[in-house]
Amino acid sequence: MKKIFIMLTAAWSALSAFSSAPVLSPAPSAGNVNVDTRLSIMFDSDVTLGDKGMIRIIDAETDICVDSLDLSIPAGPTESTKLPKPPYTLRPYIYDQPRQTNRTAKPGTPSGTAAPTTDKYQLTIIGGFTDGFHFYPVITDGRKAEIYPHNNMLDYGHTYYVTVDPEVFSTSKGQFKGISKKDGWQFSVKPSAPSAENRRLIVAADGSGDFNTLQGAMDFIPDFNDDHWTVFVKNGDYEELVYFRNKRNVTIEGESRDGVYVHYANNEVFNPHPDDVSTNEWLGTFPSRRAAFMMDNCTGMVLRNFTVATTLVGQAEGLLIMGERNQVLDVTIKGSGDALQVNGSTYFDNCVIEGHGDSVLGRGPSFFKNCTLKSRNAFVWIRNTASSHGNVFVGCTFIGIGNRSVLARTNDKYPHSEMVLIDCRLDNVPSEGWSGIDKDNCDYIHYWEFGSTDLNGAPVDFSKRAYGSRRLDPVADKAIIDAYRNPAFVLGWKPE
């Protein structure tokens, strides 16, 4: 009996040891791994991230460390700072083509002619931006730890192994023992990049596509491309900062609107813009880095059928667009403060936009059809000049959250602000409708409405509308109403 007890005890100990071993992804000895893979560890109990220790990715053939993450460095600022911010320049980041071994810059180093920075936070290069983004090198959720290597540090056809210092993690069942070379967390990247002939890429978070991340796919597509590309994103959770610029004629299409979730905890504090924002007019160098999904100096892009969101409270758009002739279709956009910023002609159809105030920000022109907007404060702060239209909404629904959800606000810096509503439904919008109109400087303001109703179809009360706004007359203003129903009149081109 004693012998049987000893055997059972030994078997249980062996089983316990086996069950407590973390599950690694990519799996040890995995092959055909995507070049933009994330690394994940699934523990058998809740995991806590430490504030010291290193994670390293090492080339198995040369034993050269190709990437390292130092957990003693904070991810990014959590409070606004008065310290000088690094400048931004016209010159692109000094960086060879992605995934080439001979690189001339490393993550976190200054770019172009930018001066050295005193930044003491984590930095990674995203989409060739003129300097680094703050980012989270590891994100934990319950028993899972997701590791985010710096972008574009791995190469096709190479084999790597991963080491993790014991201090990096601890679990509710005790201290993490670490992962060393002898533990064999080794994987091999696909031998070659996907074919560019079909100009179609598949993104799948589980690694079953051409890329694991949307960023990886967009980095692969050439800048200023004349041919049409399609990026199909399979259902999945994509927790990543997305930034790309100088792209042309690319359709990014999700498998389903609710099933494809692109999100990140970003805001103006975590990734602040530089003190000098005069670079707003430099193509490909828009200084804002606070959104979850950013496309800069892009033309002929189509975003379709997915959800994008920032998950950090503060000034933080879910989606930021710079460029011309772009379309956003069947997309849900969630932000904190400014949910959507649009600078350049863009067409929106059947989108949901949710923000805390100034939910739509930008310089226009933008045309919104059959969209739903939800906001705690002003729905729109449009800043167009006399040279372009602003924001036009046709058949849209505005749902106020709280008691301060005016349609738009402005100030005397933007005397040509334009927001036009045609046949829109309004719920919980204050009776004055509009805010911030300068009575001495409103000759050119276009805060116009036609056919506004409540959610039941009853006409709204226009008697208390703010001075300077205008209710269009179905007879006298028929030509104006008909013109603003036409997206080509607003945008200067016809959406297809």
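**Salt bridges, cores and a parallel sheet**

User: What makes the meeting of the side chains of Arg 290 and Asp 338 a salt bridge?

Analyst: The closest approach from N to O in the pair Arg 290 and Asp 338 is 2.8 Å, and a salt bridge is defined as a side-chain nitrogen of Lys or Arg within 4 Å of a carboxyl oxygen of Asp or Glu, so the pair qualifies. The model is predicted, with local features needing pLDDT of at least 70 and side-chain atom pairs pLDDT 80 or more, whereas totals for chains, interfaces and linings use all residues. Residues are numbered from 1 along each chain as its sequence is written, and side-chain values use heavy atoms, with hydrogens and water left out.

User: Why is it said that Arg 290 and Asp 338 tie together separate parts of the chain?

Analyst: Arg 290 belongs to the loop between β18 (260–264) and β19 (293–299), while Asp 338 belongs to the loop between β24 (332–334) and β25 (340–349), so the salt bridge joins parts that are 48 residues apart in sequence. The strands are DSSP runs of E with at least two residues, and helices are runs of H or I with at least four, both numbered from the N terminus. The pair also belongs to a network of salt bridges that links Glu 268, Arg 290, Glu 317 and Asp 338.

User: Why are Arg 290 and Asp 338 called buried?

Analyst: Buried means under 20% relative accessible area, exposed means over 50%, and partly exposed lies in between (1.4 Å probe, protein chains only). Arg 290 has 7% relative accessibility and Asp 338 has 5%, so both are buried.

User: How do you know whether Lys 181 and Asp 63, which also meet in a salt bridge, are buried or exposed?

Analyst: Their N to O distance is 3.6 Å. Lys 181 lies in the loop between β11 (174–175) and β12 (186–189) and Asp 63 in the loop between β5 (54–59) and β6 (65–70), so this salt bridge spans 118 residues of sequence. Lys 181 has a relative accessibility of 48% and Asp 63 one of 43%, so each counts as partly exposed.

User: What makes Lys 374 a link between two strands?

Analyst: Lys 374 forms a salt bridge with Glu 354, with the closest N and O atoms 4.0 Å apart. Lys 374 sits in strand β28 (residues 372–375) and Glu 354 in strand β26 (residues 352–355), 20 residues apart. Lys 374 is partly exposed at 28%, and Glu 354 is partly exposed at 25%. In β31, the bridge partner of Lys 374 is Ile 399.

User: How do you know that β28 and β31 are paired?

Analyst: Strands pair if DSSP finds at least two bridges between them, and β28 has four bridges in the parallel sense with strand β31 (residues 397–400), so the two are paired. Both belong to an open, parallel sheet of eight strands in the order β15-β18-β21-β24-β26-β28-β31-β34, where β15 (236–239) and β34 (425–427) are the edge strands, each pairing on one side only.

User: Why is Gly 216 called buried, and where does Gly 216 lie?

Analyst: Gly 216 has a relative accessible area of 6%, so it is buried, and Gly 216 lies in helix α2 (residues 214–220). Leaving out residues up to four places away in sequence, Gly 216 touches Asp 36 and Phe 211, where contact means heavy atoms within 4.5 Å.
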